Amino acid sequence: MQVLKFGGSSVANADNINKVVQIVSRALPKDKTVVIVSALGGITDILIQAGTLAAAGDESYKEKLQVVEHRHLEAVKSLLPLTRQSAVLSLVKKRCNEIEDICNGIFLLGELSPRTKDKVVSYGELLSSQIIAAKFSALEISNAWKDSRELIVTDSQFGYATVDFPLTNQKVREYFNAAHENLFILPGFIAADKNGTTTTLGRGGSDYTAAIIAAAVDATLAEIWTDVSGMMTADPRLVSNVKLIPHISYQEAMELSHFGAKVIYPPTIQPVMSKGIPVWIKNTFAPEDPGTVIENASSRVNGSIRGISSVGKIALLSLEGSGMVGIPGFSKRLFEALSNEKINVILITQGSSEHSICVGIDEANAPRAKESVDRAFNHEIETGKTEPLIIEKGLSIIALVGDHMKSHPGISGRLFGALGRNGVNVRAIAQGSSERNISAVIAADDVKKAINILHEEFFETTYKQLNLVITGTGNVGSRLLEQLKQQQQYLQTHLRLHVNVVGLANSKKMLFREEGIDLHNWKEQLQGGHDMDLEEWIRITRSVNLRNTVFADVTANQHVASLYDRLLPKSISVVACNKVACSSPYHYYKKLKDQAREYNTLFLFETNVGAGLPVIGTLNDLLRSGDKVHRIEAVLSGTLNFVFNNYNGEKKFADVVRQAQEEGYTEPDPRLDLSGTDVMRKIMILAREAGEKMEMEDIGNTHFMPASCMTGSVEDFYAAMAKEEDHFKKLYHEAASAGKKLKFVARFENGKAAVGLQHIDPQHDFYHLYGKDNVVLFYTERYSEQPLVIKGAGAGAEVTASGVFADIIRAGRV
């Protein structure tokens, strides 16, 4: 005999019921078949609403009952030929009248007891099963409809009744041994106590009905038909790239269902496990999909972790006190207090110091739990031996499940390491001695992020996903997006890294798409985004709470830089092309560095000095390896180097500067370059990275620009430079007549820093520095006579974008 159960989505309407009929028809030639069905999708909820409204004295319950009647009548009319409809329509009307009579009574009494509630909701399965039986009969497929209340006997715990298995098994065997049909249709979910009063097996109890019947008749298999193609490695509503679990053990399935996997009702496994009956999870809407088989042993082929699950709306109860240490019986009294209130404990954890014990329960039960526990420990609380029960809400449990975890060291380390790197705080931990389950209590807001982190850690062998938020789509930002688009395939193939650009913003618009922004038409998509609001932009980035998030600031905006300290505590790595943060007052720079360290994230700003040149990375490598920096000499402005390499007195100085701006070498306001301010920022950043506490006012600056050029607008600046052409010619000729070149040089030595225009002779490393190149000379303990030299293009959108890109990759590979 085989048992097939069809859930509410599988029998939601006539079209779906026809699919069920096809599946059953294909199964019938194999063996005698028992079909268990749920109520039409959504009907149980409507019946509960009707009863609740009636109890509250709200006459709108009648509208709910009309919906119930209409849906069943329509199903009959759609499924059955006219000649077969009359008797079934009468049956539906009769059942619906019964429901209405009961609800009228609830309305008059103003009370909905658990017993009456069970009676009301039972009609959903009674109606659906009888309509489906009529459909088979209309197709001339012989079948027997049987009321499950005549077979399954329970206690009188209405709403979640406990099955009397000896009596139930006897009744089931007697019925099926005497029956001659090949097809049986039974309503799921419902049963009856020894007095014949209707009870229910809990929401999702139709699965349980199937397991009870299968075990009683020693079925060859049980199939649970639903709207997904088996059990998945995680909830597909939370994780986009879940994988099918083809084989899973009974124990693993129980663990996953207990911790929130919705595909199968938790009690379902026990009856079939005791008989070794395989259970298949199949998809009514994709019947050819292989599904998942639940049996004695799971496969070792797909690793030691079988799946990840979660339970929401958890409250953590903590009983603490010095009076608990070494005193037997505290745990017993705690659990008795909870048991007396019929409160189920989901998770338990206790430290070896015995100073405290923590349990996780359903959040809805927290007030009753506190009242009961505080009453039980009233004496200890009054005498100061224990504290009143502490309750924390807004929590969830995530669980890793797998039979083979115990033979794989390091699973827990990987779990907590992955969560820690992404800023997910663990409030409590539990692991059974079987090592089949590792559970952690976390904030409910972090559940989606945490499950995606763990799914990537344990199931994604192909690539890691980095979620990138880019602020700034100007010259450098647009080049960065082009480079990202160009390198997408390379990164996945060679680095196993998928860069998912989820956010784009500029000064006018902002766009956030969790599924990712198509880089082929990002401009059009951004144009259709919301108006830019920086505070809202940062709030969205924080609240969406995606794993492996990197915030790239490709602006020169002071306000953007001032908000990094809101991102790092959320374990969002920051990649800053923007120099403002690192050249701001030292306390803010240090705060950001400290936050990155504290929250186990990254604050990277390689392009702050030398565009794409590996200047800061090299300096950090020197220091980390134990070297000491004695002196730094550098030409750090690609703009100024370009200007002085291209100015010889023949072409106006203002025109050369304008050319530099047009070619993308200058800051948006070129005065930042020509005043030396940008170079001051850069040498200060290097000094700070070398360990020096330095502010901008500590840096000497020998200016070469006339004061008249430094006021007004950018166009006023160009006009003033044209008027001061004689001044610039004089600077050039003074150097050229001595056989030297003009270079704007930065220097750091003995805790002091200075910048200024210098005459460089042909023997110096700076003399042969062409175009927009930068050069940095590190004189260190190890490089004392011949400095370590870093030289190359120090300006330009393309190389700057590549430097930002490199930092993003560094952040993604941690």
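## A buried serine in helix α5

A polar contact is a pair of N or O atoms within 3.5 Å, and within protein one of the two must be able to donate a hydrogen and the other to accept it. In this predicted model, the side chain of serine 128 reaches the backbone oxygen of serine 38 at 2.7 Å, which falls within that limit.

Serine 128 belongs to helix α5, which spans residues 114-138, and because its relative accessibility is 0%, where buried means under 20%, serine 128 counts as buried. Leaving aside residues up to four places away in sequence, serine 128 touches Val37, Ser38, Ala39 and Leu40, so that serine 38 appears both among these neighbours and as the partner whose backbone oxygen the serine 128 side chain reaches.

## An exposed arginine in a loop

Arginine 237 is found in the loop that runs between β8 (221-226) and β9 (247-249). With a relative accessibility of 61%, arginine 237 counts as exposed, because the cut-off for that class is over 50%.

The side chain of arginine 237 is joined to that of aspartate 235 by a polar contact of 2.8 Å. Although arginine 237 and lysine 448 are 211 residues apart along the chain, their C-alpha atoms are separated by 9.2 Å.

## Aromatic pairs and a cluster

The count of aromatic pairs in the model comes to 18. One of them is formed by phenylalanine 330 and phenylalanine 377, whose rings are stacked, with 5.7 Å from centre to centre and 15° between the planes. This pair links distant parts of the chain, 47 residues apart, since phenylalanine 330 is in helix α10 (residues 330-340) and phenylalanine 377 is in the loop between α11 (366-376) and α12 (378-382). Both phenylalanine 330 and phenylalanine 377 are buried.

Elsewhere in the sequence, one aromatic cluster is made up of Phe644, Tyr647, Phe653, Phe704, Phe728, Tyr732 and Phe744.

## The second largest pocket

The second largest pocket has a volume of about 800 Å³. Its lining consists of 39 residues, and those that lie nearest the centre of the pocket are Val476, Thr555, Ala556, Glu667 and Pro668. By residue class, the lining of this pocket divides into 13 nonpolar, 20 polar and six charged residues.

Four helices, namely α15 (475-495), α22 (638-646), α25 (677-689) and α28 (797-812), each supply at least two residues of the lining of the second largest pocket. The largest share of that lining comes from α25, which provides three residues.

Methods: Residues numbered from 1 in each chain as written. Predicted model: local features only at pLDDT ≥ 70, side-chain atom pairs only at ≥ 80, totals over all residues. Heavy atoms only, no water. Buried < 20%, exposed > 50% of the residue type's maximum accessible area, 1.4 Å probe, protein only. 1 Å grid on protein atoms, 1.4 Å probe; cavity = no way out; pocket = protein on both sides within 12 Å on 5 of 7 lines; lining within 4 Å. Points joined across faces, edges and corners; volume = space filled by probe spheres on them. Nonpolar A, V, L, I, M, F, W, Y, C, P; charged D, E, K, R; others polar. Contact = heavy atoms within 4.5 Å. Phe/Tyr/Trp six-rings, centres within 6.5 Å; stacked < 30°, edge-to-face > 60°.
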